[in-house]
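Dear colleague,

I am passing on the structure we spoke about, and my notes on it follow directly below. Please read them with the model open beside you.

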Amino acid sequence: MQKGAILVLSGPSGAGKSTMINAASEEIGEYYFSISTTTREPRVGEIDGVDYFFVSKENFEEDIKAGNFLEYAQVHGNYYGTSLKPVRIALEEGKLVIFDIDVQGHRLVRAKMNDITTSAFITPPTLKALEERLRARCTDDESVIIGRIENAKHEIEAVGEYDFMIINDTVEKAVKEFVIVAKAARLKQSREDEAKFIAQWLG
Ligand code: ADP
Ligand code: 5GP
């Protein structure tokens, strides 16, 4: 069976990554959304084990030592990381694995799994629109919003490292583009699958 593939989504917090995944979930076929582990506090409405695995700094650092993360990074003063095991299982099952991770995480995934990785940077049309959306979301206090905006100014510089950029102007248009990218990501072949195919094709 063909191994799965990875779709990395990055973009400033508030860019619309969760909105894209939720709106497109019916159209993109079977996928596994990688639930990250974080040391940040849950936002109102966030559920442990659904949005993130919320853990203490001590627990996170134990997992680092144990080599449990495919990648991890510090973002806005908190740790965020992707556990290796569920990703491996989903890939073995041939699923599209979707990551919502920052630009540092994208670099690490590229370094380890470049052949099966497709990436898209999602952003609102302007910094001003991002600020308005973060305020309208009403999930962060003022100091957190300011930190996220400052971070976004640096993150946008990394847009050229991604295969695709999706400008989330209207949700409808951005979701259409996201579906195209997700379908294309599925078609990526691992080097291993490629070699098997060639051997079969030659007969
Ligand atoms: P992320 O997952 O990237 O942090 P969200 O999906 O939570 O971002 O979106 C941030 C906020 O912006 C949410 O309140 C969402 O409803 C809103 N939003 C998303 N896309 C748009 C859009 N195209 N126009 C206006 N608001 C949007
Ligand atoms: P938020 O606090 O808004 O949920 O996420 C803040 C930032 O952390 C976002 O840019 C998000 O993509 C990133 N992030 C979430 N999970 C991970 C992860 O597992 N690894 C890395 N490197 N970044 C993550």
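In this model, which is predicted, four strands form an open sheet with mixed pairing, and their order across the sheet is β4-β3-β6-β5. The edges are taken by β4 (53-54) and β5 (69-75), and because each of these has a single partner strand, one side of each is left without a neighbour in the sheet. Strand β3 (residues 37-38) and strand β6 (residues 78-83) run antiparallel and are joined by two bridges. If you would like a place to look at this pairing, T38 stands opposite Y80 in β6. As general background, the strands of a sheet pair through backbone hydrogen bonds, and they may do so in a parallel or an antiparallel way.

Y80 also leads to the second ligand, since this residue is listed with S13, R40, R43 and Y52 as the closest of the 19 residues that surround ligand 2. Several polar contacts to oxygen atoms of ligand 2 come from side chains: a polar side-chain atom of S13 lies 2.7 Å from one oxygen atom of the ligand, and an N or O atom in the side chain of S36 is likewise 2.7 Å from an oxygen atom of the ligand. For T82, the distance from an N or O atom of the side chain to an oxygen atom of ligand 2 is 3.3 Å. Taken alone, ligand 2 exposes 510 Å², and the protein buries 96% of that area.

Turning to ligand 1, there are 14 residues around it, of which G14, K17, S18, T19 and N168 come nearest. The backbone takes part here, with an N or O atom of the A15 backbone at 3.2 Å from an oxygen atom of ligand 1, and with a polar backbone atom of G16 at 2.9 Å from an oxygen atom of ligand 1. A side chain is involved as well, in that an N or O atom of the R133 side chain is 3.4 Å from a nitrogen atom of the ligand. On its own, ligand 1 has 570 Å² of accessible area, and the protein covers 74% of it.

Finally, there is a feature of the surface to inspect, namely a nonpolar patch of about 510 Å² that is made by F197, I198, W201 and L202. Among these residues, I198 has its place in helix α8 (residues 191-202). Is I198 buried or exposed? With a relative accessible area of 45%, I198 counts as partly exposed, because that class lies between the limits of 20% for buried and 50% for exposed.

With best wishes

Note on methods: Residues are numbered from 1 along each chain as its sequence is written. Chains are lettered from A and ligands numbered from 1 in the order in which they are written. This is a predicted model: local features need pLDDT of at least 70, side-chain atom pairs count only at pLDDT 80 or more; totals for chains, interfaces and linings use all residues. Side-chain values use heavy atoms; hydrogens and water are left out. Patches are made of residues with over 30% relative accessible area and no salt bridge: like charges are joined within 9 Å, nonpolar side chains (Val, Leu, Ile, Met, Phe, Trp, Tyr) within 5 Å. Accessible areas come from the Shrake-Rupley method with a 1.4 Å probe; for residues, only the protein chains shown count as cover. A salt bridge is a side-chain nitrogen of Lys or Arg within 4 Å of a carboxyl oxygen of Asp or Glu. Buried means under 20% relative accessible area, exposed over 50%, partly exposed in between (1.4 Å probe, protein chains only). A residue is near a molecule or strand if one of its heavy atoms lies within 4 Å of it. A polar contact is a pair of N or O atoms within 3.5 Å; within protein, one must be able to donate a hydrogen and the other to accept it, and residues adjacent in sequence count only if both atoms are side-chain atoms. Two strands pair if DSSP finds at least two bridges between them.
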